[in-house]
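Biologist: I would like a close look at one part of this model, taken slowly enough that a first-year student can follow each term.

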Amino acid sequence: MNRFYELESDFFDPQLITLSGQAFRFKNLDDNHTELVAFGKYLQIAKTAKNTYLFSCSEDEFEKIWKDYFDLDRDYRKIYESIDKDDSYLKAAADFGYGIRILKQDIWETYISYIISQRRSIPSITTSVDRLSRLCGNKITAPKLPDPFIEASAKEYYSFPCPKAVAALTLKEIEETGVGYRAQYIYEAAQKFASGELDPDKLKKADDSFLYDLLLSQFGIGKKVANCIMLFAFHRLGRFPIDVWMERIVNTYYKGEFDTDRYPDTAGIMQQFMFYYERNR
DNA sequence: GGCCAGGCCTCGC
DNA sequence: GCGAGGCATGGC
């Protein structure tokens with residue numbers, strides 16, 4: 001079975017990552033199988049034993065793509081243990097979300113996905129991302145995988161389209177993916193990414209405050225979306241996006257303000273625990 | 001069929 | 001600088 005890569009980890013739960021809402025192209029097939037599309041590839045992860053997972057890719061691909069994508073070099077257990085013992089809500093949330101990691105997603109894909117996300121439900125965001133991918137992404141044929149993998153949920157998948165492919169669409173075509181008034185935001189973003197005016201490789205080198213201000217200055221991007229892009233794509237783990245769910249949590253359990261200074265480098269992970277807990281418990 | 005969704009823009013002060 | 005109103009469409 002060395003065609004596939006086996007991972008042992010005591011802090012990795014792809015099922016929870018699917019449900020954590022940070023990515024829109026994950027699907028839990030059953031209790032032990034999760035599939036996803038990222039970086040133009042289809043991946044299935046099978047849980048084969050406690051803390052043991054089989055990835056439907058070679059070791060080489062795992063090392064090049066997925067290890068970094070799932071942030072597997074970071075010690076999340078240590079972060080989990082750093083949680084304030086007196087913070088019973090956060091402790092409960094982290095126990096509930098034990099195994100959630102923050103993905104390092106593609107910057108452009110995350111940028112567009114979170115523009116789409118504003119004032120929409122997660123299922124609805126997923127639909128639009130899927131439609132946009134089908135419209136101008138590349139076809140990916142689902143691989144036939146042996147046991148312990150199971151059949152993919154579809155015969156073909158589509159990669160998230162590159163900036164140039166989206167930039168070639170008309171505003172009307174973008175609207176037809178169901179994104180409504182956000183189409184103009186996407187249209188403008190695509191032009192900027194396609195022309196190189198917004199360059200992910202350059203942006204990666206920017207410090208937090210510069211990057212945040214730059215994102216905020218973009219059409220269609222406010223505080224919440226900027227922080228999500230920084231957390232889920234740029235992997236700035238200190239960012240703490242506040243949406244309607246987080247606002248409810250902070251108001252209910254933290255008297256209106258969560259002290260992010262307590263977790264300067266990991267507040268975003270705490271945010272993800274809370275968000276998942278509140279939505280799924 | 002009505003209500004709300006991982007918010008942001010514009011306008012008026 | 002800040003609060004209120006408006007907003008396209010999809011899911012439940």
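Which residues does glutamine 271 touch, not counting residues up to four places away in sequence?

Modeller: This is a predicted model, in which local features need pLDDT of at least 70 and side-chain atom pairs count only at pLDDT 80 or more, while totals for chains, interfaces and linings use all residues, and side-chain values use heavy atoms, with hydrogens and water left out. Residues are numbered from 1 along each chain as its sequence is written, and chains are lettered from A and ligands numbered from 1 in the order in which they are written.

With those sequence neighbours set aside, glutamine 271 touches Leu231, Phe240, Pro241 and Met246, where contact means heavy atoms within 4.5 Å. Glutamine 271 is found in helix 14, a helix being a DSSP run of H or I with at least four residues, numbered from the N terminus. Because its relative accessible area is 4%, and buried means under 20% (1.4 Å probe, protein chains only), glutamine 271 counts as buried.

Glutamine 271 is also, with Arg120, Ser121, Ile122 and Tyr181, among the residues that come nearest to DNA strand B, out of the 28 around that strand; a residue is near a strand if one of its heavy atoms lies within 4 Å of it. Helix 14 (267-280), like helix 12 (223-232) and helix 13 (244-253), supplies at least two residues of this surface. Of the atoms of DNA strand B within 4 Å of the protein, 61% belong to sugar or phosphate and the rest to bases. Backbone atoms take part here as well, since a phosphate oxygen of DNA strand B is 2.3 Å from a polar backbone atom of isoleucine 122, and another pairing places a backbone N or O atom of valine 225 at 2.9 Å from a phosphate oxygen of that strand.

Note on methods: Polar contact = N/O pair within 3.5 Å; in protein donor to acceptor, adjacent residues only side chain to side chain. Buried < 20%, exposed > 50% of the residue type's maximum accessible area, 1.4 Å probe, protein only.
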